[in-house]
Amino acid sequence: MAVRSVVEQATQVLRRAILTGALAPGAEYSLRELAGMLDISFIPIREALRTLEGEGLVVMRPGRSAVVAPLGLDDLRGIYRLRRALEPEIAARSCLLLSEAELDRLAERAARSGAVAGTDDDPHVFHLALLAPAATTWDIRVLTPLWRAGERYVRIGFGRTGPGPAGHRRDGAAHGELVAAFRTRDPATVSAAVERDLARTEKIALAALT
């Protein structure tokens with residue numbers, strides 16, 4: 001297997017473990033431990049950790065160790081402050097550009113994620129699809145690490161509140177409401193809907209800090 005593909009695979013595995021809390025916030029791991037977990041060499045682990053450090057998910061230590069970035073209220077507030085500054089405005093423009101076919105596809109995705117737990121493993125993909133027609137390359141570069149960093153709080157908070165099937169239905173329904181707002185083609189309606197969804201997920205994310 002090519003070194004690059006091993007690095008990418010290691011990055012994906014470690015990112016998922018951090019986002020789900022399997023690698024606990026604040027925990028320190030040596031490169032040897034992580035390499036043993038994934039049964040690969042130090043080199044791809046080190047490269048993967050550099051990528052995750054750039055996403056704000058780990059903090060590299062001098063030598064051969066890394067700390068999973070701790071959870072913090074200031075960190076969480078900063079993530080959502082930046083998301084609120086960008087997403088409602090982009091969404092207001094995007095609602096005029098998205099095709100009905102794409103909105104139909106996103107409505108189906110929302111329905112599936114609400115019906116079966118775990119079917120929407122990459123929720124930022126849904127939000128990116130809503131914003132993509134009006135988002136610049138820089139918008140996406142800024143939002144992607146914010147989504148990933150915020151997702152960790154939401155996943156851990158969601159787990160601590162024990163959502164069960166009803167919680168997943170509420171999550172799917174919330175995504176369905178976003179699609180319905182986009183169908184109105186009214187920028188003010190869409191902007192308000194995005195604000196509400198951000199407030200909803202921030203409330204869930206705050207449970208990760210309790």
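The legends below accompany close-up views of a predicted model.

**Figure 1. Overall arrangement of the predicted model and its confidence.**
The secondary structure of the protein amounts to 9 helices and 3 strands, which follow one another along the sequence in the pattern α-β-α-α-β-β-α-α-α-α-α-α. Of its 210 residues, 43% count as buried, and among the contacts between residues at least 6 apart in sequence, 76% join residues at least 24 apart. The average pLDDT of the protein is 88, and 89% of the residues score at least 70. When the elements are taken one by one, the highest mean pLDDT, 97, belongs to α4, whereas the lowest, 83, belongs to α8.

**Figure 2. The largest cavity and the residues that line it.**
The structure holds 2 cavities of 30 Å³ or more, and the view is centred on the largest of them, in which about 70 Å³ of space lies. Its lining consists of R83, E87, A91, H127, L130, L131, L178, F182, V194, D197 and L198, and at least two of these residues come from each of the helices α4 (73–94), α6 (123–131), α8 (164–183) and α9 (187–206). By residue class, the lining divides into 7 nonpolar, 1 polar and 3 charged residues.

**Figure 3. The second largest cavity and its nonpolar lining.**
About 50 Å³ of space lies in the second largest cavity, and the residues that line this cavity are L14, I18, L23, Y29, L34, L49, L52, V58, A66 and V68. The helices α1 (3–20) and α3 (42–54), together with the strand β3 (65–68), each supply at least two residues of the lining. The lining divides into 10 nonpolar residues, with no polar and no charged ones.

**Figure 4. The largest nonpolar core, with Y80 and its contacts.**
In soluble globular proteins, nonpolar side chains tend to be buried together. The largest nonpolar core of this model has 35 residues, and those with the most contacts inside this core are Y80, F126, L130 and F182. At least two residues of the core are supplied by each of α4, α5 (100–115), α6, α7 (137–160), α8 and α9, with α7 giving the most, 8 residues. Two of the residues with the most contacts inside the core, L130 and F182, also appear in the lining of the largest cavity. Once residues up to four places away in sequence are set aside, Y80 touches V154, L198, T201, E202 and A205, and of these, L198 also lines the largest cavity.

**Figure 5. A second, separate nonpolar core.**
This core has 18 residues, including L34, A48, L49 and V68. Among these named residues, L34, L49 and V68 are also found in the lining of the second largest cavity.

**Figure 6. The surroundings of G26 in the loop between α1 and β1.**
G26 is found in the loop that joins α1 to β1 (28–30). Is G26 buried, partly exposed or exposed? G26 counts as partly exposed because its relative accessibility is 41%, a value that lies between the limits of 20% and 50%. Leaving aside its neighbours within four places in sequence, G26 is in contact with V67, V68, A69 and P70. Among these partners, V68 is a member of the second core and also lines the second largest cavity. Although G26 and A66 are 40 residues apart in sequence, their C-alpha atoms are 9.7 Å apart in space, and A66 is one of the residues lining the second largest cavity.

Key:
Residues are numbered from 1 along each chain as its sequence is written. This is a predicted model: local features need pLDDT of at least 70, side-chain atom pairs count only at pLDDT 80 or more; totals for chains, interfaces and linings use all residues. Side-chain values use heavy atoms; hydrogens and water are left out. On a 1 Å grid over the protein atoms alone, a cavity is a set of points where a 1.4 Å probe fits but cannot get out, and a pocket is an open set with protein on both sides within 12 Å along at least five of seven lines; lining residues have an atom within 4 Å of a point. Grid points are joined across faces, edges and corners, and a volume is the space filled by probe spheres set on the points. Helices (H or I, at least four residues) and strands (E, at least two) are DSSP runs, numbered from the N terminus. Ala, Val, Leu, Ile, Met, Phe, Trp, Tyr, Cys and Pro count as nonpolar, Asp, Glu, Lys and Arg as charged, and the others, Gly among them, as polar. A nonpolar core is a set of buried Ala, Val, Leu, Ile, Met, Phe, Trp, Tyr and Cys residues joined through side-chain atoms within 4.5 Å. Buried means under 20% relative accessible area, exposed over 50%, partly exposed in between (1.4 Å probe, protein chains only). Contact means heavy atoms within 4.5 Å. pLDDT is the predictor's confidence in each residue, from 0 to 100.
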